[in-house]
Structure formats: C-alpha cells, structure tokens
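Thanks for making time this morning. I would like to walk you through one chain slowly, so please keep the picture open while I talk.

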Amino acid sequence: MKSNGPSADFREARSSPSELVAPNTLDFDGYAEGVLGLGPGNRVALWVRGCDRHCPGCIAPELWKGGDKTPVEEVASLLVGPLTRADGLTISGGEPFLQAEALTALIGLVRRQVETEVLVYTGYTVEELRAGPPAWRKLLSNIDILIDGPYIEEEANTLRWRGSDNQRVHLLTPKALRHNGVQDLKWPEHRSLSVQMLSPTRFRLIGIPERGDLQNLRRLLRERGLEVISSDE
C-alpha cells in the first residue's frame, strides 16, 4: 500500500539524486480531486517527484526519486475539469521548486481555462526562494498560498495543513487574504483523510495524519493478513 502527498506513506523509498525537468515536461505522480486537509476547502492535489532534501522522517520518501516525464499540456488537460469543481489546486511532492519552470508553465495553461487558487508545499523557506534562481521567483509570483519549511520530525503537528508546526502558511496574493485568520488554526479533532486506489495493490492515503496513525494502520493491516511492502521491494 502506498500513500503520498504531504501525508504519511506506507512505502519507504531509498534516496536518489533528483533531476531537473525540462520546462515542457513534468515529473509527476498523479493527482486527486475532492481533497480535504491540504489547504482551504475542497481541492485538487497534484504530486511531483524528485527531492534532494531528504528530511528525516519524511512522510513521502517514495517521491524522492524521479520517474517518467509527462508533457505539461497533457497534465493541464487532466486538471482543468476537476478544477472547475474545486476551491483550488494544491501542489506537493517531492520538491515542487526543482521543477519550477514546468510548474509555472502548468499554472499558466490551467489558468487560461479556469481561474484557480494555487497552493504549493515546499521544503525551502520563502526567504530561500526569494534569494534563489529566477525560475524560483517566477513560480513564487504565480502562487497564492505557500506552505514553506522542512518537515521536522521532532516538532509538534498541531497546526492545520502542515506536517510539522515549524512550517509557515504565507498568503501571497489579495485572493489568498480571504483566508487570513484561518491559516493558523489548530487541526480539528478528526482530520480529513481519504484513500485513492492507484492499482489493485497500491493505494494512496491523502491528507496529514496524526503522529503514530500510520504505524497503527500498518499494525492493523498486518493483523488482518495484509502485507505492507516498501516501494523498492
């Protein structure tokens, strides 16, 4: 079983160097609609592959490795329909800013057909992004909400939309300011999680579970005779 997003995962991948992707292709690991808990409202979530940060305790280590690339136009065509029914687009990974040019192109293509609020998760801080290459700053200028900072396993996990409480929610555009006062609320008692079937034997858990929930789920599955295997096995 597999889970990813800014969520925990049932698979554990070994690290490998990430690759920069040409601006007309995107290394992505699929999308889901009707997503709750990865930003405000009902969202479409897109996951990209490739990350060189490798935070200890990362909740999506299977996305550290790169994979097959898909034309940006093809990815945009997949998203437009679902986004007409959603409150926004959430992009996670992996590290989205390693594919900054491709994601800037994707956002532009999507917004030609449907106006949508874009939220991006990154392991970098906004200060690092603003001091980074031009492609990073250009992507940043196309984002409404940024959730920044590395995942830190030792930090608490009490603030909504975040994997660890050191991460910050930045409302970057006038459109995003409608969420002012909401972004730093605590998680509700019951968090929104969902499961997406990727194949008959692979499933993605979508959302940000409480600490310890995934270990408990692994144990319960094994008790019921379901084997949980690593993505590299």
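Before we look at any pairing, we need one definition: two strands are said to pair if DSSP finds at least two bridges between them. Please also keep in mind that what you see is a predicted model.

With that in hand, let us begin in the middle of the sheet, where strand 3, residues 43–48, and strand 5, residues 88–92, pair in the parallel sense over five bridges. Within this pair, Leu46 stands opposite Ile91 of strand 5. On the other hand, strand 3 also pairs with strand 2, and there the sense is antiparallel, over four bridges, with Phe28 standing opposite Val48 of strand 3. As a general reminder, the strands of a sheet pair through backbone hydrogen bonds, and they may do so either parallel or antiparallel.

Now let us step back to the whole sheet, which is open and has six strands in the order 2-3-5-6-7-8, with mixed pairing. Which strands stand at the edges? They are strand 2, residues 28–35, and strand 8, residues 168–171, and each of them has a single partner strand, so one side of each is left without a neighbour in the sheet. On average, and ignoring direction, neighbouring strands of this sheet are turned by 15° against each other.

Let us return to strand 5, where I would like to ask how many of its residues are buried. Five of the five are, so strand 5 is largely enclosed by the rest of the structure. In a regular strand, the side chains alternate between the two faces of the sheet. Here both faces of strand 5 are covered, with Gly88, Thr90 and Ser92 buried on one side, and Leu89 and Ile91 buried on the other.

Strand 5 also runs parallel to strand 6, to which it is joined by three bridges, and the bridge partner of Thr90 in strand 6 is Leu119. Together, strand 5, helix 2 and strand 6 make a right-handed β-α-β unit. Helix 2, which covers residues 100–111, lies across strand 3, strand 5 and strand 6, and runs at about 155° to strand 3. In the loop between strand 5 and helix 2 you will find Gly94, and the peptide bond leading from Gly93 to Gly94 is cis, with omega near 15°.

Next, the cysteines: why is Cys51 not bonded to Cys55? The sulfur of Cys51 is 6.5 Å from that of Cys55, its closest cysteine sulfur, which is too far for a bond, because a disulfide calls for sulfur atoms within 2.5 Å. Cys55 is in no disulfide either, as its nearest cysteine sulfur, that of Cys58, is 6.4 Å away, and the count of disulfides comes to zero. Cys51 is buried, with a relative accessible area of 8%, and Cys55, at 15%, also counts as buried.

Finally, two backbone angles deserve a careful look. His54, in the loop between strand 3 and strand 4, has a phi near 55°, a positive value in a residue other than glycine, and at 24% relative accessibility His54 counts as partly exposed. Trp161, in the loop between strand 7 and strand 8, has a positive phi of about 75° although it is not a glycine, and Trp161 is buried, with a relative accessible area of 4%.

Terms used
Residues numbered from 1 in each chain as written. Predicted model: local features only at pLDDT ≥ 70, side-chain atom pairs only at ≥ 80, totals over all residues. Heavy atoms only, no water. Axes fitted to C-alpha atoms, helices over the stretch in contact; angles between N-to-C directions. Contact = heavy atoms within 4.5 Å. Buried < 20%, exposed > 50% of the residue type's maximum accessible area, 1.4 Å probe, protein only. Right-handed = clockwise from strand over helix to strand, strands pointing away.
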